[in-house]
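Please open the model in a viewer and keep the sequence at hand. The tour proceeds by selection, beginning with a pair of helices and ending at the ligand.

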Amino acid sequence: MEPVTYSIPTSAEQAVSEFTSSGGGAYYVAGGTTLFDLMKLRVERPGRLIDVTRIGHDTISTSGSELRIGTNATMSDVAADPAIARDYPVLSEALLKGASQQLRNMATVGANLLQRTRCSYFRHGAGAIASAGAVYPCNKLNPGSGCAAIGGLDRAQAIFGVSDACTAVSPGDWPVALTALDAHINILGPSGQRSLPVSALYRLPGDTPHLEFELQPGELITEIVIPKTDAGRRSTYHKVRDRESYAFALASAAVALQFDGRTVERAHVALGGVATKPWRAPATENFLTGKTIGHETALEAARLAFADAQPGRHNGFKIELGIRTLADAVMIASERSA
Ligand SMILES: Cc1cc2nc3c(=O)[nH]c(=O)nc-3n(C[C@H](O)[C@H](O)[C@H](O)COP(=O)(O)OP(=O)(O)OC[C@H]3O[C@@H](n4cnc5c(N)ncnc54)[C@H](O)[C@@H]3O)c2cc1C
């Protein structure tokens with residue numbers, strides 16, 4: 001057992017102030033669904049927990065020109081919001097295809113953006129050291145130690161954004177949908193407020209895979225803001241996994257299409273399950289623009305997204321799986337009514 005102090009501030013300002021005065025080792029905690037797992041695995045070892053569930057920032061607003069979702073809204077509540085489910089199926093599907101109902105009732109949409117990779121070498125490296133004396137090299141866990149997945153069991157690893165130091169997949173579904181829709185987050189930190197595109201929250205591993213997010217110590221996500229788009233209704237989040245529910249993506253695609261008559265006027269496309277961060281697919285977006293959609297066009301567009309894939313030893317199947325997942329997503333989105 002390691003001692004942990006625990007506090008429950010009642011405003012975002014108080015939470016940040018408590019973090020600042022903690023002197024290090026403090027973590028915010030919301031639903032706790034991923035942080036507590038990582039503490040049990042000894043991957044995360046906070047000395048202080050600042051529970052942010054009583055600070056407010058849990059409302060969902062769909063009026064006006066943007067969707068504004070407080071960080072502490074639960075995955076269940078956002079997915080069930082009638083306006084979001086009707087006008088932005090890509091958002092509600094991305095949430096409903098993640099985790100389980102019980103987890104979604106606890107888990108918050110802001111903290112969802114900060115979940116860490118499910119790479120087994122990362123998650124079980126620290127516990128194995130403590131219990132069995134075994135050490136899995138993992139540059140994310142122990143910088144400079146190496147990467148057991150490279151040359152090891154890499155079936156679930158990324159084929160985009162990989163480096164010689166790390167091939168771990170970014171696990172979230174919701175961040176992929178938000179990336180496709182050009183969402184940003186509002187942040188409160190020791191230096192004040194700022195906003196950041198969701199796509200810029202994630203760092204590529206490069207040679208510093210332990211640095212995953214573009215957040216400064218003590219910065220608290222307060223809100224997710226999504227610009228409204230006519231592409232919302234004709235959108236989908238399509239996810240393929242080893243079993244039909246309660247599993248992370250092997251390949252997924254968020255697609256939203258804006259039409260002028262039968263012609264695509266604007267396409268929003270991002271990929272999950274295949275990359276080290278939510279992966280925008282601009283070649284596919286550009287190709288689809290100005291086209292009418294049919295199976296061949298969807299497949300051709302999807303192939304473009306995977307042209308630069310860098311598979312390892314056991315994950316080459318993700319290229320064909322990803323192409324088919326994306327092509328199916330384009331067809332599903334195109335067949336939805338506006
Ligand atoms: C068995 C299982 C299966 C899952 N399957 C999926 C899946 O298929 N797809 C998917 O996308 N997700 C999946 N998840 C992940 C789940 O969605 C996340 O655990 C959840 O969204 C995290 O929310 P939370 O509120 O519980 O976060 P917490 O565990 O409370 O916090 C997570 C991280 O965010 C930090 N944090 C919390 N709030 C803030 C804030 N406001 N600002 C800054 N930092 C903050 C914490 O310090 C911590 O580092 C699964 C989880 C489990 C346990």
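In this predicted model, first select His295, Ala298, Leu299, Ala302, Arg303 and Ala305 in helix 12, which meet Ile323, Leu326, Ala327, Val330 and Met331 in helix 13; contact means heavy atoms within 4.5 Å. The residues of this contact comprise 9 nonpolar, 1 polar and 1 charged (Ala, Val, Leu, Ile, Met, Phe, Trp, Tyr, Cys and Pro count as nonpolar, Asp, Glu, Lys and Arg as charged, and the others, Gly among them, as polar).

Residues are numbered from 1 along each chain as its sequence is written. Local features need pLDDT of at least 70, side-chain atom pairs count only at pLDDT 80 or more, totals for chains, interfaces and linings use all residues, and side-chain values use heavy atoms, with hydrogens and water left out.

Next, select residues 295–305 (helix 12) and residues 317–335 (helix 13), whose axes come within 8 Å and cross at roughly 135 degrees. Helices are DSSP runs (H or I, at least four residues), numbered from the N terminus. Axes are lines fitted to C-alpha atoms over the stretch in contact, and angles run from 0 to 180 degrees between N-to-C directions.

Now select the ligand, which 29 residues surround, the closest being Tyr28, Ala30, Gly32, Thr33 and Asp173 (a heavy atom within 4 Å). Finally, select Ile221, where a backbone N or O atom lies 2.9 Å from a nitrogen atom of the ligand.

Notes: Helices (H or I, at least four residues) and strands (E, at least two) are DSSP runs, numbered from the N terminus. A polar contact is a pair of N or O atoms within 3.5 Å; within protein, one must be able to donate a hydrogen and the other to accept it, and residues adjacent in sequence count only if both atoms are side-chain atoms.
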